[in-house]
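Q: Please take a close look at one part of this model, a place where the backbone deserves a second glance. Then set that part beside other local features and the chain as a whole.

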Amino acid sequence: MKRLLFSLLLALGVAAPAHAALRLPASAPDQVRWAAGELDQALARHRLSRADVDVAVTIVVKGEPGDQAFALDRSGASVTIVAGGTAGAKYGLLELAEQVRAASGKDWRAIAATLRPTRQKPWVMIRADNAFIHIHPFVLNDLTMWRAYIDMLARNRFNMLDLHGAYDLDTTGFSNLYPMLVRVPGYPGVGDPAEQARNMASLKAIVAYASARGIRVALMNYSIDEDRPRSPTRPPSPVKGVPADRIADYTARATAQLIRDLPQLYMLGFRVGETGQPADFFKQAYLRGFAMAGNRNLRLYTRSWLTSKEQLEPIAAAAPGMFDVEIKYNGEHLGLPYQAMQERFATYSYEHYLDRPADYGVLWQVRSNGTHRFWSWANTDFIRQTVRTFRLGDARGFTLESPVSYFSPYAAKMYRAPADRAVFPYVWQKDWMWYLAWGRLGYDPDLPEATLLQAWREHYGAGGDEAYRAMQAASRVVPLVYAYRFIGADHRDYSPETETGYTTNDSVVGSRTPIPLSLMQYAQDQTEDDRSFLPIDKFVLGKMDGLVDGRYGPFAIAARLREASGDADRAIAAMPKLDGRAADEWRLLRVDLEAAARLGDYHRDRIEGLVWLDHGVRTNERGEIDRANDLLKRSRDAWAALAGLADPVYQPLNNPLRRQKAFSWGPALAGLEKLDATAEDLWNARPKGAHHNPLILTDTDKGGTGGLAVAGQPAFRIAADGNSVAVTAKASAARPIDRVILWWKPLPRDAHWRAQEMIASGDGWRAEVPFTREGLMYAVEVQDAGGNARSFPPQAETRPFWVIDPR
């Protein structure tokens, strides 16, 4: 009988006997024991137990992030896992369990023969799930949910639970957590003692359970006020029982008490910008509280929102090497899979926080719950690309908003039918593929797609491959819709799953100034990435002026949406008939995928229709107006199909960040019909002297390559004095090249993109531009004599710029 040899060599290292069955030393950490239990479950599928296998696990202690690495090897039927720490041992066992589940064979030898050796290490040190602490009711008290949630995070290789709060789902305001959690000596009138004891007991239990799964816990208190409503007529209310001149002292003492109550806490944080307080307040409040508690292993952290690097640097200097700043990846949306919000977005982007050296670390805060609110989403290529950008600025990692950060986690609040509510008690369970992809690819962006696909087969059986394919296609829609029909960077500006792309507020730069609602408003906008996308109105005017532009214009975007929805429809049509649990899960997922596909159809036809309408009115082309009316009608039909899919399944939804209460999709149709009816008014009001100039599209206008290419990343050479950089690109085209342009900008967010003509030289096309130690972004645009133009690297395929890191 084969035996499981389980030995752990810790820092001082004592090996177990060579022929142990399953024997875990008393010092084996809980997270390793738990992962061994996951292996037990995988073996049980094959009617095997630990006594039937030959597996040895060794820990060789390394520092971060090497403690999360492991190597899994096989020699015959013997398997070894050599890990750099307890986290690596856990991940090695989870990897083995995953491979065992996927294996075929009746005995261990047959199963072992299918195991793949692998060496894995984390791409970034911190992979956090950014959950919010909801109040009314206090969600931390649902310990059953949190235990299941933490187990799920651990399986998917998240290693931090980043709790922010307290958040009111109805008012969208944030309250001070301390009066809900901490009994502070000297302030007996603050909070309800019974409530504080219950809430703190729950938080202690969550922190302890997470620690037993190898999940660190961070806690960020969002407010120094007891209640911070979102009503402009109601000012924040101060903490009851604390005089105004004692709030710093109360905060310091509450911080110290909380740290003493939670010795396993990894990070404790606070917001700066929203408080209106100077940096000295946080020294007297939070930093003083840290000092009073005496826990030197606890890290501090904050967010960059509505503050400045200059305001945070004194705080960081007071806690050197132990202070982190969460900076927004793309505002309060996910949008695009790279840092797209450049130039005009202020604290919605990273500003100058990437400068090095610095006394603080960087965590990318991915505010994904603004873009993805209700429909399940998980696009493998998108997530791989996003994860690969998380090293920018030498970041320690990322913290990712969950699908339920700003929404109730309970399925009873989402679905109409009891049968649908019963499939998953919690909304995040229906989004299992989100956590799987972000967690596993966050650890290793080169993870084989087969690993993800196996999970889909476990959920959907014979339909797993097609369900996965449908998700990949449908998940291309919502991010592209948000990025191209860009209404604003804030989650209060736009909810792309539930809106038609029309608004009554100008929110692109956060002003939310009222603007008139009109049909052509959709065509008159900026995009999330102005260097990569060309809006409808600028495309039309450029065509009329004979301009050539290498950005993705409206027809190229429409082509991408057409391809995405078509691919999703074909995969859904190919799904085999399912039964049992797989059928129940697919029933819910199918609605989300088909709804996303119809949303893609809606925007595809509206984009093309508004191009023809705008151009037809400007050039007096009646045929283009008729074409526009037909496309707008098809767009409305697509929205009607979306409503027909989603409204019978989803109960009237609350989306308070967009002031949508008891929302359903169907009522938007009346507004669309009213807007579209004004197309004839625009035609009748056209300049009667407009000239006839039919719209002619090039191959690149329609999303093709035009035969244009740039070979690899253009080489760069920084001058000896460090003040300039020369870039050389190897450009090619099917037709004669007309121009090659180097687009470049300094790395800081507020720097502007600039164009520099490249000159043909013996080894390619060359240009020299200024350079500073802050680093540089650059891209290359190629134009040919036939009017085709394309920018490299192509945004549809990868991050649309190359980076020269800060020096």
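A: Asp-394 lies in the loop between helix H10 (380–388) and strand S12 (397–401), where helices (H or I, at least four residues) and strands (E, at least two) are DSSP runs numbered from the N terminus. This is a predicted model, in which local features need pLDDT of at least 70 and side-chain atom pairs count only at pLDDT 80 or more, while totals for chains, interfaces and linings use all residues. Residues are numbered from 1 along each chain as its sequence is written, and side-chain values use heavy atoms, with hydrogens and water left out.

Asp-394 has a positive phi of about 55° although it is not a glycine. Most residues other than glycine have a negative phi, and most peptide bonds are trans. Asp-394 counts as exposed because its relative accessibility is 61%; exposed means over 50% relative accessible area, buried under 20%, and partly exposed in between, with a 1.4 Å probe and protein chains only.

A positive phi also occurs at Ala-662, where the value is near 50° in a residue that again is not glycine. Ala-662 belongs to strand S16 (residues 660–663), and its 46% relative accessibility makes it partly exposed.

The peptide bonds add two further features of the backbone. The bond from Gly-165 to Ala-166 is cis, with omega near 5°, and Ala-166 is part of strand S6 (residues 160–168). The bond from Arg-356 to Pro-357 is likewise cis, with omega near 5°, and Pro-357 sits in the loop between strand S10 (323–328) and strand S11 (361–366).

Two residues in helices may be set against the exposed Asp-394. Gln-196, in helix H6 (residues 193–212), has 2% relative accessibility and therefore counts as buried. Its side chain reaches the backbone oxygen of Val-182 at 3.1 Å, which falls under the rule for a polar contact (a pair of N or O atoms within 3.5 Å; within protein, one must be able to donate a hydrogen and the other to accept it, and residues adjacent in sequence count only if both atoms are side-chain atoms). Leaving out residues up to four places away in sequence, the residues that Gln-196 touches include Pro-179, Val-182, Arg-183 and Val-190, contact meaning heavy atoms within 4.5 Å.

Ala-628, in helix H20 (residues 622–646), is buried, with a relative accessible area of 1%. Beyond its neighbours within four places in sequence, Ala-628 is in contact with Gly-609, Trp-612 and Leu-613, and its C-alpha lies 8.9 Å from that of Asp-605, which is 23 residues away in sequence.

The surrounding chain has 22 helices and 27 strands, and its C-alpha trace spans about 90 × 70 × 70 Å along the principal axes. Buried residues make up 61% of its 807 residues, and among contacts between residues at least 6 apart in sequence, 73% join residues at least 24 apart.
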